[in-house]
Amino acid sequence: MRIKSGQLGAALQKELSPVYFITGDEPLQLFESADLIRKVARKAGYENREILSVDTGFHWNQLAFEADSLSIFADKKIIDLRLPSGVIGAEGAKALVNYCQRLPEDTLLLITAGKIASSSIKSRWFEVLDVAGVIIQVWPLEGLDLIRWLEQRMHHRGLTTSTEGLGILASRIEGNLLAAAQEIEKLFVLYGAGELSTQQIFDVVSDSSRYD
């Protein structure tokens, strides 16, 4: 099942999937989506976590080993599989298909990956993940999508502003959501919750632009 990152919270409230695959080239959305899954899983009893990083020297049989091994510390565990490059390869594709064909009990597989090639979406391993679990593709935000994200982010901090104020913030961060999150935190620290004027945002953003 494929969902957008903004739909993840609601989906997690309904049920936990045995597999989550998060991929894309927008770091903040990727990190926060994975972190939300881990937090919900821990509350559901998945207290143990095994981190597998696909880098030089990694062998895909480690995934099968973790799937078959019982946790010493808890009945439920998370296999946190990280693929920074987004490249699966033939061995990885086979390992993921095999995993999904016999999903282990009391185990949640969380895969975070960099942006994958468009051809991967038609591959067997992607289709198998789509059937077995949840796929979330995160993309850089722009235009109205970026404005909505900024507005929601500010709302979570109890902040509001005008359309012009949102526009100033959007032009400053240039699509970098991590920078946006930092600017919003700075605004909250300086002014507290409430409505921000365009001038307040401009002053903070200008200072940040000058000293970066």
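This passage walks through the sheet, the helices that cover it, the nonpolar cores and the aromatic contacts of a predicted model.

The sheet is a good place to start. Six strands form an open sheet in the order β1-β6-β2-β5-β4-β3, and their pairing is parallel. At the edges lie β1 (2-3) and β3 (48-53), each of which pairs on one side only. Strand β2 has β6 and β5 as its neighbours in this order. Five bridges join β2 to β6 (residues 134-138), with the two strands running parallel, and Y20 stands opposite V134 in β6. Towards β5, five bridges again make the connection, and here too the strands run parallel; V19 stands opposite L109 in β5.

How much of β2 is covered? Six of its six residues are buried. In a regular strand the side chains alternate between the two faces of the sheet. For β2, one side carries V19, F21 and T23, while the other carries Y20, I22 and G24, and both of these faces are covered.

Two helices illustrate how the sheet is overlaid. Helix α2 (residues 27-43) lies across β2, β3, β4, β5 and β6, and runs at about 170° to β5. Helix α4 lies across β2, β4 and β5, with an angle of about 150° to β5. The 13 residues of α4 (residues 89-101) reach 18 Å from the first C-alpha to the last, close to the 18 Å expected at 1.5 Å a residue.

The buried residues of α4 are G92, A93, A95, L96, V97, Y99 and C100. An α-helix has 3.6 residues a turn, so residues three or four places apart point the same way. The partners of the buried α4 residues come from both strands and helices: they pack against β2 (19-24), β4 (77-83) and β5 (107-113), as well as α3 (61-68) and α5 (124-132).

These contacts lead naturally to the nonpolar interior. The largest nonpolar core has 28 residues, and those with the most contacts inside it are F21, W60, L63, L81, L96, W125 and L129. Two or more residues each are given to this core by β2, α3, β4, α4, β5 and α5. Which element gives the most? That is α4, with six residues. In soluble globular proteins, nonpolar side chains tend to be buried together.

L129 gives a closer view of the packing. Leaving aside residues up to four places away in sequence, L129 touches V19, F21, L96, C100, I111, V134 and I135. Apart from the largest core lies another, of 22 residues, among them L141, I168, A180 and I201.

One of the residues named in that second core, I168, is also a buried residue of helix α7 (residues 163-173). The buried residues of α7 are G165, L166, I168, L169, A170, R172 and I173. Just after α7, E174 takes a positive phi of about 50°.

At the edge of the sheet, strand β3 contains L52. Is this residue buried or exposed? L52 counts as buried because its relative accessibility is 5%, where the cut-off for burial is under 20%. Beyond residues up to four places away in sequence, L52 touches F58, Q62, L63, E66, I79, D80, L81 and R82. Its C-alpha atom is separated by 29 Å from that of L141, which lies 89 residues apart from L52 along the chain.

The aromatic residues complete the picture. The count comes to four aromatic pairs. The rings of F21 and F126 have centres 6.3 Å apart and planes at 85°, so this pair is edge-to-face. Distant parts of the chain are linked by the pair, with F21 in strand β2 and F126 in helix α5, 105 residues apart. Both F21 and F126 are buried, and F126 has a relative accessibility of 0%.

W125 and F126 make a further pair, with ring centres 5.8 Å apart and planes at 75°, so this one is edge-to-face as well. W125 also counts as buried, because its relative accessibility is 7%. Together, F21, W125 and F126 form one aromatic cluster. Of these, F21 and W125 are listed among the residues with the most contacts inside the largest nonpolar core.

Note on methods:
Residues are numbered from 1 along each chain as its sequence is written. This is a predicted model: local features need pLDDT of at least 70, side-chain atom pairs count only at pLDDT 80 or more; totals for chains, interfaces and linings use all residues. Side-chain values use heavy atoms; hydrogens and water are left out. Helices (H or I, at least four residues) and strands (E, at least two) are DSSP runs, numbered from the N terminus. The expected span of a helix is 1.5 Å times one less than its number of residues. Buried means under 20% relative accessible area, exposed over 50%, partly exposed in between (1.4 Å probe, protein chains only). Contact means heavy atoms within 4.5 Å. A nonpolar core is a set of buried Ala, Val, Leu, Ile, Met, Phe, Trp, Tyr and Cys residues joined through side-chain atoms within 4.5 Å. Two strands pair if DSSP finds at least two bridges between them. Axes are lines fitted to C-alpha atoms, for helices over the stretch in contact, and angles run from 0 to 180 degrees between N-to-C directions. Rings of Phe, Tyr and Trp (its six-membered ring) pair if their centres lie within 6.5 Å; planes under 30 degrees apart count as stacked, over 60 as edge-to-face and the rest as tilted.
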